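Here is my note on the structure you asked me to look over, set out as numbered points. Please read each point with the structure open beside you.

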Amino acid sequence: MEEGWAIMEEGIAKLKNILEELESQFSSEEYMRLYTTMFNLAARNNIEDNYICQQLYNNYKESVQAYIMSTVNPSLRDKHDEFMLRELVRRWSDHKVMVKWLSRFLTYLDRYFVVRKNIESVKDLGFSCFRDMAYGEVKHKAKDAVIALINKEREGGQIDRALLKNVLDVFVEMGNGNIEFYTDDFEDAMLKDTAHYYSRKASQWIFQDSCPDYMLKVEECLKKEKNRVSHYLHSSSETKLLEQVENELLVVSANQLLEKETGCRALLRDDKVDELSRMYRLFNNIPKGLEEVAKIFKQHVLSEGLMAIQMIEDATSNKTEKAGGARGEHALMTTFIELHNKYFAYTTGCFCNNAVLHKALKQAFESFCNKVVCGTSNADHLASYCDYILKKGGSEKISDEAIDESMDKIVKLLAYISDKDLFAEFSRKKLSRRLLFDRNVNDDHERLFLTKLKQQCGGQFTSKMEGMVTDLALAKENQNQFHEYLINNNAAIPGMDLTVNVLTTGFWPTYKTCDLRLPAEMVKCVQVFKEHYESKTKHRKLTWIYSLGTCSINGKFDSKTIELLVGTYQGAVLLLFNDAQRLSYSDIKTQLNFEDDDLIRVLHSLSCGKYKILKKDPDSKFVSPNDYFEFNSKFTDKMRRIRIPLPVVDDRKKVIQDVDNDRRYSIDAALVRIMKGRKILCHQQLILECVEMLSHMFKPDVKVIKKRIEDLLARDYLERDAENPNLYKYVA
């Protein structure tokens, strides 16, 4: 045993000289001599007590420890900082070479003895000795030296990155397959030092730099820290390192940074797209980082919307809008659309379609889009704007692409308006006027808009309006059939040109009907059309809406004949003056069976407006029941044809009232539908489900829902539970 190990010690001495570059590598004869000696010793081992193998194992351990104590540790103690790190890398590299050779010589021990005893392999034992004796002594100095070099690089200094990579590989390799030594002995301290370093930097930068400059520095720091990970830190450090940097530079200073004069509001105000994109990239990486950005974004968009509303209200109150409220509401909707285009582009571009920012945009628009402006809801304003665009498209021949784009923007804005049913009713009213009175109406544009509305709000939302457009197409066919009837039936002589639009009652808005007693000139043509309609249909009743009719009358004045384009009501009044020179208010009312409100509007338009076709006695600006009227034969105008409009009746209140009535039916239907499916439901849950079911069309008032529940209870659709009055049951 002693002789054999003496040979091994000679080999160990030569190995030390090889590491110090004092001798050349082992020759094959030397290698085989050492290997054979160790093999023969181990092979003579008694399996029962393993004395020889154990002695070899112990001698190997003592030799490695002696080498570390005599050579490695003194060389490490003599050096400091970067020189110590270089020595550590060198000594660890040499140690790995020594262990590799010795483990080859002692292969037989690994193959049998180590396996049977279940102990460390020769190689692992050699590494453990270095870890316990050399690394354990120098690890704190090495950690401090590496951190000092990292901070030097952060301050702009030049360092040997390859050296740091090799040193940190030592920390990693000490774990022999895991990184616990790297984590415990280096990473934890490095992360703590990083936090302190960037905390100091943040304190300086937050006061001396603008928000954009600060974010540039943060982005550059993060980039450099990622670069350090890729060059010398372990890859597992990246997430933790960046979290420390982001925490100190962003999380701690988030509010202070965003609220600076040059912060988020200023970037939004000045349209700093690149800076906003950078802000999103930075704050998107920190927990709840976008919540504060979204809050400021929402406040900014909301303030822009409210400012637009205030400007319109101020302009209206100062009467700067010459065309009354029409231009104002169009300008408001145009501003809303421009705001939406701008900030929607931010959410999809700068903010990468982030859900938190989209929600902020939605909440901001819902807030100001549902405010009452100049006494009118924005549902009405949007319907008027849509009417304006479609009329403009028909009259000015705007390109189909421009109309398509405008319709898209309107439909996007509609998504934020809660009273969609109110918008639908106002739109239906305005659509009816376009279809009936606008000669330039474009069916393709109308159908395009209805298609977009249908995609946004569903088929039920547009069913009536689609029916109206279809009615007008069918009305043209009916008119052609009427002309054929007149040609083929010589007895049918209407006495004047007549065009009739037959409309379906359920599709169109409700109109005030009047049992007008038509003048003789009009009676004949109406009777002829009735005979034609009844000849081709059965069980259908015609209800004449004279208030929607128009007629062309030739007025024979002293100077010339002028064609008067008037409503049916106005035409009926004018025709009376074919047989009478002077009529009193009561005479006209009796002969035509007018109601006072309608008659006053008609007479006012003919005697007090721009075109005074009738002379009124006494001559005043208002019509009273004591007035007398006569044909103004002296009237003249430079035009050969003039249109005499009736004073506009504001029917907004009626539309709102009709919508409120419809909402009651919708609430009733929703409550019954919910209870029919659930059978039993508590009061609060029923209200919540009802609000959710109807929210796509309007925001129901909880008080109204409660009243409708009471009404359904009274009508025996529901009943209260006998034991719990807060519980409702569906009555089949």
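**Notes on the predicted model**

1. In this predicted model, a good place to begin is L564, which stands opposite I642 in β8. The two strands concerned are β4, residues 561-567, and β8, residues 641-643, and they pair in the parallel sense over three bridges. As for the surroundings of β4, five of its seven residues are buried, so this strand is largely enclosed by the rest of the structure. A residue is called buried here when its relative accessible area is under 20%.

2. Strand β4 also has a partner in β3, which covers residues 550-556, and here the two strands run antiparallel and are joined by seven bridges. One of the facing pairs to look for is N554 with E563, the latter being in β4. If you follow the chain from β3 to β4, you pass through a hairpin whose connection consists of four residues.

3. Which residues of β3 make up its covered face, and which its uncovered one? The covered face consists of C551, I553 and G555, whereas T550, S552, N554 and K556 form the uncovered face. It helps to remember that in a regular strand the side chains alternate between the two faces of the sheet. N554, the residue that stands opposite E563, therefore belongs to the uncovered set, in keeping with the listing of the two faces.

4. A further group of strands involves β7, residues 628-631, which runs antiparallel to β5, residues 582-584, with three bridges between them. On its other pairing, β7 is joined by four bridges to β6, residues 614-617, and these two strands are antiparallel as well. A useful residue to find is F629 in β7, since L583 stands opposite it, and F629 is also the bridge partner of K616.

5. Where does the loop between β6 and β7 hold P618, and what is the form of the peptide bond from D617 to P618? P618 has its place in that loop between β6 and β7, and the bond leading from D617 to P618 is cis, with omega near 0°. D617 itself falls within the residue range of β6, which is 614-617.

6. Two residues in another loop deserve a careful look at their backbone angles. C352 has a positive phi of about 50° although it is not a glycine, and N353 likewise has a positive phi, of about 60°, without being a glycine. C352 is found in the loop between α15 (325-348) and α16 (355-369), and N353 lies in the loop between α15 and α16 too. Are these residues buried, partly exposed or exposed? C352 counts as partly exposed at 48% relative accessibility, and N353 is also partly exposed, with a relative accessible area of 46%.

7. Towards the end of the numbering, E692 is placed in helix α27, which covers residues 683-694. E692 is exposed, because its relative accessible area is 60% and the word applies to values over 50%. E692 and A670 are 22 residues apart in sequence, while their C-alpha atoms are 10.0 Å apart in space.

8. Turning to the whole protein, the secondary structure comes to 28 helices and 11 strands. The radius of gyration is 47 Å, well over the 27 Å that the globule rule gives for 732 residues, so the protein is more spread out than a compact globule. Taken along the principal axes, the C-alpha atoms fill a box of roughly 150 × 65 × 60 Å.

9. Some overall values complete the picture. Of the 732 residues, 45% are buried, and among contacts with a separation of 6 or more, 70% are between residues 24 or more positions apart. The accessible surface comes to about 38,500 Å², and carbon and sulfur atoms account for 49% of this area. The protein has 107 positive and 110 negative charges, and the mean positions of the two groups are 6 Å apart.

Technical notes
Residues are numbered from 1 along each chain as its sequence is written. This is a predicted model: local features need pLDDT of at least 70, side-chain atom pairs count only at pLDDT 80 or more; totals for chains, interfaces and linings use all residues. Side-chain values use heavy atoms; hydrogens and water are left out. The radius of gyration is taken over C-alpha atoms; the globule rule is 2.2 Å times the number of residues to the power 0.38. Buried means under 20% relative accessible area, exposed over 50%, partly exposed in between (1.4 Å probe, protein chains only). Contact means heavy atoms within 4.5 Å. Accessible areas come from the Shrake-Rupley method with a 1.4 Å probe; for residues, only the protein chains shown count as cover. Lys and Arg count as positive and Asp and Glu as negative; His and the chain ends are not counted. The place of a charge is taken as NZ of Lys, CZ of Arg, CG of Asp or CD of Glu. Two strands pair if DSSP finds at least two bridges between them.
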